[in-house]
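Biologist: I have a new model to look at and plenty of beginner's questions. Could you walk me through it?

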Amino acid sequence: MNEQDSFFERTEQQILFYLYDNRGHAVSKTELQKNIDTAPAESTLESILFSLKVKKLIEFDTCGNVAIA
């Protein structure tokens, strides 16, 4: 596994843990970016969120907020 894959996987895990811990309210992408340790660039965050959506681990509301599926 290369360093980029490892970063991607760590960030996915942090996002899922954060969403699970905050499942009582809508989480914006900005909130996610501020509160996860790896704090990826916005384009990287979008790619990771898309990957998690394809895996059916997260879902988006009509405002673009993120929630654990």
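**Rings, a helix and a core**

Modeller: Happily! Let me begin with the rings: the count of aromatic pairs comes to zero, where rings of Phe, Tyr and Trp (its six-membered ring) pair if their centres lie within 6.5 Å. The model is predicted, with local features needing pLDDT of at least 70, side-chain atom pairs counting only at pLDDT 80 or more, and totals for chains, interfaces and linings using all residues. Residues are numbered from 1 along each chain as its sequence is written, and side-chain values use heavy atoms, leaving out hydrogens and water.

Biologist: What lies over the face of Y20?

Modeller: R23 does, at 4.0 Å from the ring centre. The rule asks for NZ of Lys or CZ of Arg within 6 Å of the centre and within 35 degrees of the ring normal.

Biologist: How do you know that the span of α3 agrees with what a helix should have?

Modeller: Helices are DSSP runs (H or I, at least four residues), numbered from the N terminus. Expected span is 1.5 Å times one less than the number of residues, so the 13 residues of α3 should span 18 Å, and its end C-alpha atoms are 18 Å apart.

Biologist: Why do you say the buried residues of α3 line one face?

Modeller: They are L45, I48, L49, S51 and L52, buried meaning under 20% relative accessible area with a 1.4 Å probe, protein chains only. Their arc, taken from the directions from the helix axis to the C-beta atoms, is within 155 degrees, so they line one face. On the other side, S43, F50 and V54 are exposed (over 50%).

Note on methods:
Rings of Phe, Tyr and Trp (its six-membered ring) pair if their centres lie within 6.5 Å; planes under 30 degrees apart count as stacked, over 60 as edge-to-face and the rest as tilted. Helices (H or I, at least four residues) and strands (E, at least two) are DSSP runs, numbered from the N terminus.
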